[in-house]
Amino acid sequence: MQSALKPLLTIMLAASFVQAAPVKLIFDTDMGNDTDDLMALCMIHNLQRRGAVELLAVTVTKDHPQAAAFVDAVNTFFGYPDVPVGVVRGGAAPEPGKFDLLADAKNEDGSLRYPHDLMSGADAPEATGLIRKLLAAQPDNSVALVQVGFFTNFQRLLASQPDEASPLSGRELIAKKVKIFSIMAGAF
């Protein structure tokens with residue numbers, strides 16, 4: 001099993017035992033480096049269709065402008081074109097991913113092969129601010145944060161200070177709003 005799918009299995013199992021309300025989910029990914037992130041996002045959208053998940057946002061830790069565009073294309077393909085996409089600024093991986101450039105693919109008539117309206121990560125909100133805003137608006141102890149890419153966005157969230165979205169620090173906001181914090185670990 002691909003490593004990015006393991007955190008999602010935790011969410012799926014939790015959702016399958018108690019189906020009272022969909023799991024509110026913020027998915028953080030380095031979309032484009034491997035197909036496991038794409039497979040995980042596809043699973044999330046299928047869980048949305050079943051009513052098990054409510055995808056609040058996808059945040060991207062791959063600092064290439066087409067990573068966010070590709071995520072938007074996937075969201076649009078699955079029928080969720082309005083899911084917010086946030087991006088890292090000054091992240092660790094600015095090179096294009098293996099398939100992120102597919103967001104620019106065109107048909108013979110010049111139309112996008114994979115329709116979407118976020119054409120570049122440069123047009124997306126910064127991830128930490130987006131996550132803070134979304135967490136602040138959710139009920140206490142209600143959100144699952146799932147990270148399958150680099151730790152940049154969640155590290156910045158943890159280090160964030162009070163702002164216009166919330167008077168709480170990042171650590172306090174997570175402690176108050178997050179029910180599950182699932183991260184993929186690497187080799188250290």
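In the predicted model, strand 1 is covered on both of its faces. Val23, Leu25, Phe27 and Thr29 lie on one side and are buried; Lys24, Ile26 and Asp28, on the other side, are buried as well. Buried here means under 20% relative accessible area. Seven of the seven residues of the strand (residues 23–29) meet this criterion, so strand 1 is largely enclosed by the rest of the structure.

Strand 1 pairs with two other strands. With strand 2 the pairing is parallel and extends over seven bridges, and leucine 25 has leucine 55 of strand 2 as its bridge partner. Strand 4 (residues 143–147) also runs parallel to strand 1, to which it is joined by five bridges. In this pairing, leucine 145 of strand 4 is opposite isoleucine 26. The connection from strand 1 to strand 2 involves helix 2, and the three elements form a right-handed β-α-β unit.

Helix 3 comprises 13 residues (65–77). The distance from its first C-alpha to its last is 19 Å, close to the 18 Å expected at 1.5 Å a residue. Of the 13 residues, ten are buried, so helix 3, too, is largely enclosed by the rest of the structure. The buried positions run from Gln66 through Ala67, Ala68, Ala69, Phe70, Val71, Asp72, Ala73 and Val74 to Asn75. Among the elements that cover these residues are helix 2 (35–49), strand 2 (53–60) and strand 3 (85–87). Helix 2 and strand 2 thus appear both in the β-α-β unit and in the cover of helix 3. After helix 3 comes glycine 79, which has a positive phi, near 95°.

Note on methods
Residues are numbered from 1 along each chain as its sequence is written. This is a predicted model: local features need pLDDT of at least 70, side-chain atom pairs count only at pLDDT 80 or more; totals for chains, interfaces and linings use all residues. Side-chain values use heavy atoms; hydrogens and water are left out. Helices (H or I, at least four residues) and strands (E, at least two) are DSSP runs, numbered from the N terminus. The expected span of a helix is 1.5 Å times one less than its number of residues. Buried means under 20% relative accessible area, exposed over 50%, partly exposed in between (1.4 Å probe, protein chains only). Contact means heavy atoms within 4.5 Å. Two strands pair if DSSP finds at least two bridges between them. A crossover is right-handed if, with the strands pointing away from the viewer, the path from the first strand over the helix to the second runs clockwise.
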